[in-house]
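Subject: Structure handover

Hello,

Here is the structure we spoke about, for you to open alongside this message. My notes on what was found in it follow below.

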Amino acid sequence: MDWTALYKQKVMTAREAVDAIIKDGDTVALGGLACAVTPLTAMFQKIKEGDLKGITLNGNLITDYLPLDDPELTEEQIRYQCFFFGGYERKGYAAKTVTFVPMQFNHYRRFMMERVQPDVGVINVTPPDENGYCNIGPLGAGFMPAVVESSKKIIAQVNNNIPKAFGHPELNVHINQIAAIVESDTPIPLYPMTEVTDIDRSIADHIIDLIPDEATIQLGLGGMANAIGYGLKDKRNLGVHSEMFTESMAYLHNIGVITNAKKPLCQGSALLVSPWATRLSTTTAIKTRNYILHRTALPTTYKTL
């Protein structure tokens, strides 16, 4: 069957997708960061109505609101097993719907394949290309390939706001792999950059001198990391091998400081899991073909580092 006809057959409302795919007692994987909020919200609504129960949700660091802190939800209705706490997870933990699962990022695929084995994966993707392939996008690159690979069935939110990401072939998901399609253009959440304090700058000044030209860098989040990143503006031929691709990294790329020309691994290319959700970092990462987005194992494993 032509993929376009198959696509039309699989399109349904969020509630129809939940009714058709998610059953009592299922384990549902959402990945992390820009989650498929429309079908997940419909799932929570069905749980609140008492028509769905015993759901185990698995994921990390959601960046859209899900009612984990809703006082009407009970542990018997839903339990979110999460290995990275953000603001929403902390509120759910206080409400007793969230359990913290300690884990190293580079073990995520193995954890999903061998321990979680989800019944349903819920993912956020681009509209399909001319060959019927949707793309997970930059914010899903680190986690969603393992969700797709390990889940028995997939609900995909097809979202025009998700930009296509370049990198590992597993970022592409064919219509044949999807059980239900929900068309919903929810926005990608963006976050303001953490302000740099005078203390951050003072400490960064000591660190910047220790970073030579042609170094490969990895930066995290927060004022200190931003102070270091922007302070590297006079360096030459830096490379990137990092979990996050931050605002300051995008700045260094755009002024020609980051070239990746002297990296010992993947020379000529930056290797990263995800751009942190700011407009500059996301735009830079997706428009630059030699920025390779990859599942968490390669960028974060100790052997690679």
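C134 is buried, with a relative accessible area of 0%. The model is a predicted one, and C35 is likewise buried in it, at 0% relative accessibility. How many disulfides does a search of the whole structure find? The search finds 0, so neither C134 nor C35 is part of one, given that a disulfide calls for a pair of cysteine sulfur atoms within 2.5 Å.

For orientation, the protein chain has 305 residues, and 54% of them are buried. Its secondary structure comes to 11 helices and 13 strands. Among contacts with a separation of 6 or more, 70% join residues that are 24 or more positions apart.

The nonpolar cores

In soluble globular proteins, nonpolar side chains tend to be buried together. In this model the largest nonpolar core has 32 residues, and the members that touch the most others are I22, M43, L57 and I155. Two or more residues of this core come from each of α2 (14-21), β1 (27-33), α3 (37-48), β2 (55-62), β3 (78-82), β5 (120-125) and β9 (180-183). Which element gives the most to the core? That is α3, with 6 residues.

L57 is a useful residue to click on. Apart from its neighbours within four places in sequence, L57 is in contact with V28, L30, L40, M43, F44, I78, R79, Y80 and Q81. There is also a second, separate core, made of 27 residues, and its members include I136, V148, I175 and I178.

Helix α2

The buried residues of α2 are A14, A17, V18 and I21. Seen down the helix axis, these buried residues fall within an arc of 95°, so they line one face of α2. The general background is that an α-helix has 3.6 residues a turn, so residues three or four places apart point the same way. What do the buried residues of α2 pack against? Their partners are α3, β5, β7 (153-158) and β9.

Two residues with positive phi

Most residues other than glycine have a negative phi. L33 has a positive value, near 60°, and is not a glycine. L33 is found in strand β1 and is buried, with a relative accessible area of 3%. The backbone oxygen of L33 also lies 2.8 Å from a polar atom of the side chain of T63. T63 sits in the loop between β2 and β3, and at 8% relative accessibility T63 counts as buried.

E214 is another non-glycine residue with a positive phi, of about 70°. Its place is the loop between α7 (198-208) and β10 (216-217). Is E214 buried, partly exposed or exposed? At 41% relative accessibility, E214 counts as partly exposed.

The loop between β2 and β3

P71 is found in the loop between β2 and β3, where T63 also lies. T63 is buried, at 8% relative accessibility, whereas P71 is exposed, at 77%. P71 and A95 are 24 residues apart in sequence, and the distance between them in space is 7.1 Å, C-alpha to C-alpha.

Strand β11 and its surroundings

Strand β11 covers residues 239-245, and 6 of its 7 residues are buried, so it is largely enclosed by the rest of the structure. β11 pairs with β10 in the parallel sense, over 2 bridges. Which residue of β11 is the bridge partner of I217? The partner is V240.

V240 takes part in a further contact: the side chain of N260 reaches the backbone nitrogen of V240 at 2.9 Å. N260 belongs to the loop between α9 (247-254) and β12 (270-275). N260 counts as buried, at 1% relative accessibility.

If you want a place to start in the viewer, try L57 and its contacts, which include M43 and F44. After that, look at V240, with I217 as its bridge partner and the side chain of N260 at its backbone nitrogen.

Regards

Definitions and conventions
Residues are numbered from 1 along each chain as its sequence is written. This is a predicted model: local features need pLDDT of at least 70, side-chain atom pairs count only at pLDDT 80 or more; totals for chains, interfaces and linings use all residues. Side-chain values use heavy atoms; hydrogens and water are left out. A nonpolar core is a set of buried Ala, Val, Leu, Ile, Met, Phe, Trp, Tyr and Cys residues joined through side-chain atoms within 4.5 Å. Buried means under 20% relative accessible area, exposed over 50%, partly exposed in between (1.4 Å probe, protein chains only). Helices (H or I, at least four residues) and strands (E, at least two) are DSSP runs, numbered from the N terminus. Contact means heavy atoms within 4.5 Å. A polar contact is a pair of N or O atoms within 3.5 Å; within protein, one must be able to donate a hydrogen and the other to accept it, and residues adjacent in sequence count only if both atoms are side-chain atoms. The arc is that of the directions from the helix axis to the C-beta atoms. Two strands pair if DSSP finds at least two bridges between them.
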